[in-house]
Amino acid sequence: MVLELVFDSTNYGHLSKKGMNEMKRVSDLVNKMDQLVLMSLREEYFEKMLSGEKGFEYRKSFRKTPTKCFIYISKTRKAVSGLVEFGQPIFGSANEICEIAEKDKPGSFVGMKAYLGKGKGVAIPIKKVYEFSPVSLEVR
């Protein structure tokens with residue numbers, strides 16, 4: 001199944017991570033060469049990205065290259081509400097990723113270890129975060 005998101009020229013967002021009020025069109029944030037991903041997040045984690053409190057996203061697997069992801073806020077909004085530009089992912093053992101998580105947010109080693117178990121993981125640096133008017137994916 002192919003999912004195509006269409007944004008018209010009135011759908012603006014703002015760069016929130018650095019506290020700027022610079023208005024941008026969603027279409028200005030991506031170009032035809034970008035390979036876009038739709039990532040589902042809980043609202044609380046997206047808010048931490050927006051505030052700059054969260055410096056990395058942690059996953060058990062991810063793409064091997066820097067990636068732009070449209071963010072789908074599950075449960076609370078049920079809509080695509082932002083775009084995150086991720087840097088070069090860091091792949092490693094569970095312990096290596098847990099050490100990155102601990103440096104990013106002291107006290108998170110144990111929780112990250114429980115999430116990753118004995119496997120491997122990925123720490124994905126968050127470069128830029130944009131929030132825009134929610135776009136629902138629900139079919140009416």
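This passage describes the nonpolar cores and the largest pocket of a predicted model.

The largest nonpolar core comprises 15 residues. Within this core, the most contacts are made by F46, M49, I71, V84 and F86. Five elements are named as giving two or more residues to the core: strand 3 (36–41), helix 2 (43–51), strand 5 (67–73), strand 6 (79–86) and strand 8 (120–136). Strand 8 contributes the most, with four residues.

The surroundings of I71 were examined individually. Residues up to four places away in sequence were not counted. I71 touches M39, L41 and F46. Its contacts also include A79, V80, S81, G82, L83 and V84. A second core is separate and holds ten residues. Among them are A94, I97, A101 and A123.

The largest pocket encloses about 560 Å³ of space. Its lining consists of 19 residues. Y45, K54, E57, Y58 and M112 lie nearest the centre of this pocket. At least two lining residues come from each of strand 3, helix 2, strand 4 (56–59), helix 3 (94–104) and helix 4 (109–116). Strand 4 supplies the most, with four residues. By class, eight lining residues are charged, seven are nonpolar and four are polar.

Strand 3 and helix 2 thus appear in both settings. Each gives two or more residues to the largest core, and each supplies at least two residues of the pocket lining.

Key. Residues numbered from 1 in each chain as written. Predicted model: local features only at pLDDT ≥ 70, side-chain atom pairs only at ≥ 80, totals over all residues. Heavy atoms only, no water. Core = buried A, V, L, I, M, F, W, Y, C linked by side-chain atoms within 4.5 Å. Buried < 20%, exposed > 50% of the residue type's maximum accessible area, 1.4 Å probe, protein only. Contact = heavy atoms within 4.5 Å. 1 Å grid on protein atoms, 1.4 Å probe; cavity = no way out; pocket = protein on both sides within 12 Å on 5 of 7 lines; lining within 4 Å. Points joined across faces, edges and corners; volume = space filled by probe spheres on them. Nonpolar A, V, L, I, M, F, W, Y, C, P; charged D, E, K, R; others polar.
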